[in-house]
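Open the model in your viewer and keep the selection tool at hand. Each stop below says what to pick and what is there.

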Amino acid sequence: MPNEQFISGGYAMDTVELAEYFKKNYPQRHQITGTIQTYQELVLSKLNVHDKKMFSMLKKAISFEPINDIENFITENVCDTDDENDIDIATMQENISYYMRQEELAKVFEKKLEALEQIRNAFSEVKRFFAQKKRQQFLIDYAAYETAESELKNAEAESEQYDKDIQGFSERYRALEGIITKLEQDKKELEHERNKYRLENNVDRLEEDIKRYETALKEADNKIGSFVLSVRRNCEKWLDIICSAQAAVATQEFDELCSRLCESINRLENIREDNIGDHSVGFFRDISSQYNSIKMYASPVWAETAGKLIKVRQDRQELEAAIEKLESGIMQYPEKAQAFKDAVAYGLYKKYGHTVNVDFFADLIDVSNDEWHNAVEGYLNTQRMNLIIEPEYFRDAYNIYKEKRHEIGAYEYRIVDCDKVLKANRNIVQDSLSDVVSSDNIYAKAYAEYLMGSVTRCYDDKKIREHKRSVTRECMIYSGFSVGSLNKNAYSSPYIGRDSLEKQITIKRRDFEAIIAKIADLSSIETALKPIIEQDWFLSDEYISSTVKDIFDINERRANDRTELDKLHQLYESLDLFWITEMNNKIEDKDIEIKAAYKDKEETAKFISNYKNEKERTITQKIPAIKQEIKQCKERINERYDEEYISSIKSGYYDAELKKRGTPQAVANGFESPLKQTETLLKDKCEDVINLRSEYNRVQNVSFSFSDPFNNNDYENEYVKIKDTELPKYREEIKKAKEDAMAQFKSDFLYKLQRNINDAIDRIDELNRALKNARFGNDTYRFKVEPAPEYREYYDMITSDLLMNGDNTLFSYEFTNKYQSTLDSLFSQIICLSDNDRENAARNIEMFSKYTTYLSFDLYSTDINGTTVKLSKSMSTNSGGETQTPFYIAVLASFAQLYKVNDNKETGNTFRLVIFDEAFSNMDNERSRESIKLLKCFKLQAIICAPSDKAANIAPIVDSTLLVNKEMGKNGYRSSIIKWTKEMSDSYGSSQTDT
């Protein structure tokens, strides 16, 4: 070290100045490196240490940080393997990546092949259903041909049968003509004989007269019957109407009128066709007169009732509106009173610009005794609506009232002069009516006393005259030497008190119920009288003069006609009617026979005509049409099917179906529905194959023709090319790539893992040999390495002796046979099957390529009694000194291994430097001394920095002790280095010094 200590101009030299300084002063004794790596390699060569781990271990020793993870410390600093044994992850990843890419490409072709196989299968289905459709169509076509052949034979046979039938019916037609001629001649002879007798006895004239009288009597009976039915129905109807009116209008006069009319209608209701003569036209006129008397009485009653109904319904509407407002909390004051109040309130607001309290007197008072409530309401009457206003507004209110009084018309209401009332001398008698009236308003209270203070409440009617002015609870009043009653209308609508609203609601509801009942009563009267007023009376004067009179005339003529008809019947019965009847029966029998013969003749003619037409149609239409059908069937069969197909299907399928079903038509019918089903299925299969082809074109980005479902050449060629050429090529490349990956897996993964594991075990054994004779106090320490439990299966495979058998690329049969599943499991951990797996595979490769993954490390201590403790378990519960002890053990053992202290060769002649800062800070003196003894035991050179309080314990057992002393100077702290002596222990024991 030069005297200037590399300081120039008061500042430390920079790198450029330092380089120039070395070059000038030490040209042969210095070296300058360009990188940290070169510097480290240079330093390591000078120190004869060839492991860069020395720098990290020196740094860890200097920091003197306790070990929190003993296993991690051992793997990083004790058992780190040589670089040459590092697993080439990049090469393995490349091999695996290539292998995976090839597999992905193979999968692409496999997917193509799978899609093409689906297309092939779908196309096979198309061909299968097409063949099935063709076979079914042939069965139908050939059955149609044989059916037409059969129909031709039947048509020719029918033509021959028509000739036979026409000849037979023609002979029958001629026979029927002779029969008809004979029957008509017989009928004429019978008619001549009968007519001769009728003419001689004037029978025709007699029958005509009888028929004329019978017709007239029938018409008379019908008219009289209709008349009787109409009268009886109207009697029943009007009897109900009159009885309903009689019940609704409860007056004696109307009751008597109705009773007389009901009695007459009851009598008329008994009229019959056979007793119509018991009545007269006059009786009908009497009934009509009785009805007119009832109608004259009912008309004014009905009109009056209708008027009352209109008024009561209006009252009901008003009550409904009033109840609705009351139930919504709006008190219903008299209309004029409300207008009076509103006019005064608005006038005051308009003048002063703010609301002035204007209240009804009734709103400000209450009645404390409910039994006197009606008396107070009735006595005050209209005064309840007098207005209470603050005295200062009285004059303005007066002027407003004066101006508006005629417009409003509220002459019965007043504005109270509250100032005068309050000052007035009020004479209040005992038990006055004002005693039961209360108010929070002083003016309202004074006004109540003014109005009712002189009125005595009288509980006994006998004592009402004993007072100048008195009132009873029943609202009788005595005043001015006279007695009277308070107006019921006044107290029937209460306005006073907090519950006046509820009372008004109750009263209004009671009034509403009464009005509903009244409307019901009036409606019943109106409904009962309405038919009498509005409907036409069935016995009008015109009806009696025409219809009733005509019916009585018809009844009189009917009696005369019956007498004449009886005479004619007597004359007709005197003739020989049996002979005439017998002749008529014979003539009718002949008519029946003639009609039957004509009918038979007509039917025979129809049969002849129909058979001729059918024969003509068969010869000219049916047979040619069948022949044409046979021709078309042959052409269709020859066009659709070749001879070999026809022969094969006819002998194989058709003959079997014909034998099974019986007829060609049955064969055709049996396959119509299956053919439709097959056509539907074929259509679906065609769509399937087209869709699969279209999807294949889209996914694979090819332009094969896909629209013809019956041509699969492009896709079949593609299938054959991939299956026989491209896919086998990729599978061969996959096989080779996989073998390369497995070879890499064996040589650069498993072999190196095995070497690293074995190296780690050897290093631990070497450390344990170094620690075997070293003691820390009464304790000894040893490292332990064992397989990681969670990866024991992998560990056993990696460390197996069988791994070393076989060639460089392939595993031995014994190894594969024993560890195949384990081998596959580990291999699957470090390969990726998809893009999503690659990140996991990278992490797995990183983890499973480290030998430490398969091992578990720990440090054990054994005391003088032989008790062994696993430090990884006890470190969290030990004291600070106890946790520092494993640190020293592990660090010193690591440095001993690093510096090869047990190597007697040149490689063991190393630097052996260890630096500790803040050494033994958490240890007691005994542990500190033991630590230094252990350090010497490992033959290490140590620089120990420790606080001065540790110096007395450390100085006696170290080779040299220096004191770094810091003292405060003018320009700050100043440090100096002093050789340490024992005598200095007391003087520097508590100073800020480092040793």
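**Stop 1: Q118**

Select Q118, which sits in helix 5, residues 89-200. This is a predicted model, so keep that in mind at each stop. Is Q118 buried or exposed, or partly so? Its relative accessible area is 39%, which makes Q118 partly exposed. Now add D688 to the selection. Q118 and D688 lie 570 residues apart in sequence, yet their C-alpha atoms are 9.8 Å apart in space.

**Stop 2: helix 7**

Move to helix 7, residues 252-269. Put a distance between its end C-alpha atoms: they are 25 Å apart. At 1.5 Å a residue, the 18 residues should span 26 Å, so the two values agree.

Next, colour the buried residues of helix 7: F254, L257, C258, L261, C262, S264, I265 and L268. Look down the axis of helix 7. These buried residues fall within an arc of 165 degrees, so they line one face of the helix. The general rule helps here: an α-helix has 3.6 residues a turn, so residues three or four places apart point the same way. Turn to the face away from the buried side of helix 7, and you find the exposed residues Q252 and E263.

What covers the buried residues of helix 7? Show helix 6 (203-248), helix 8 (281-327) and helix 15 (500-534), which are among the elements that do.

**Stop 3: strand 13**

Select strand 13, residues 855-862. It is mostly covered, with 8 of its 8 residues buried. In a regular strand the side chains alternate between the two faces of the sheet. Show the side chains of strand 13: L855, F857, L859 and S861 point one way. S856, D858, Y860 and T862 point the other way, and all of them are buried too.

Add strand 12, residues 779-787. Strand 12 and strand 13 pair in the antiparallel sense, over 8 bridges. For one of these pairs, pick V785: its bridge partner in strand 13 is F857.

Then add strand 14, residues 868-870. It is antiparallel to strand 13, and 3 bridges join the two. Here S861 has V869 in strand 14 as its bridge partner. The hairpin of strand 13 and strand 14 has 5 residues between the strands. Among them, G866 takes a positive phi near 85 degrees.

**Stop 4: the nonpolar cores**

Where are the most contacts inside the largest nonpolar core? Select Y854, F895 and Y899, the residues that have them; the core has 65 residues. Helix 20, residues 713-772, gives this core its largest share, 13 residues.

Centre on Y899. Beyond its neighbours within four places in sequence, Y899 is in contact with V49, M54, L58, G908, T910, R912, L913 and L940. Apart from this core lies another, of 56 residues, including A362, V367, W372 and A448.

**Stop 5: two positive phi values**

Select D431, in the loop between helix 12 (418-423) and strand 6 (437-438). D431 is not a glycine, but its phi is positive, about 55 degrees. At 37% relative accessibility, D431 is partly exposed.

Go on to C475, in the loop between strand 8 (469-472) and strand 9 (476-479). C475 also has a positive phi, near 70 degrees, without being a glycine. Its relative accessible area is 2%, so C475 is buried.

**Last stop: cysteines**

Select C235 and C686. C235 is buried at 0% relative accessibility, and C686 is buried at 9%. How many disulfides does a search of the whole structure find? The search finds 0.

Definitions and conventions: Residues are numbered from 1 along each chain as its sequence is written. This is a predicted model: local features need pLDDT of at least 70, side-chain atom pairs count only at pLDDT 80 or more; totals for chains, interfaces and linings use all residues. Side-chain values use heavy atoms; hydrogens and water are left out. Helices (H or I, at least four residues) and strands (E, at least two) are DSSP runs, numbered from the N terminus. The expected span of a helix is 1.5 Å times one less than its number of residues. Buried means under 20% relative accessible area, exposed over 50%, partly exposed in between (1.4 Å probe, protein chains only). The arc is that of the directions from the helix axis to the C-beta atoms. Contact means heavy atoms within 4.5 Å. A disulfide is a pair of cysteine sulfur atoms within 2.5 Å. A nonpolar core is a set of buried Ala, Val, Leu, Ile, Met, Phe, Trp, Tyr and Cys residues joined through side-chain atoms within 4.5 Å. Two strands pair if DSSP finds at least two bridges between them.
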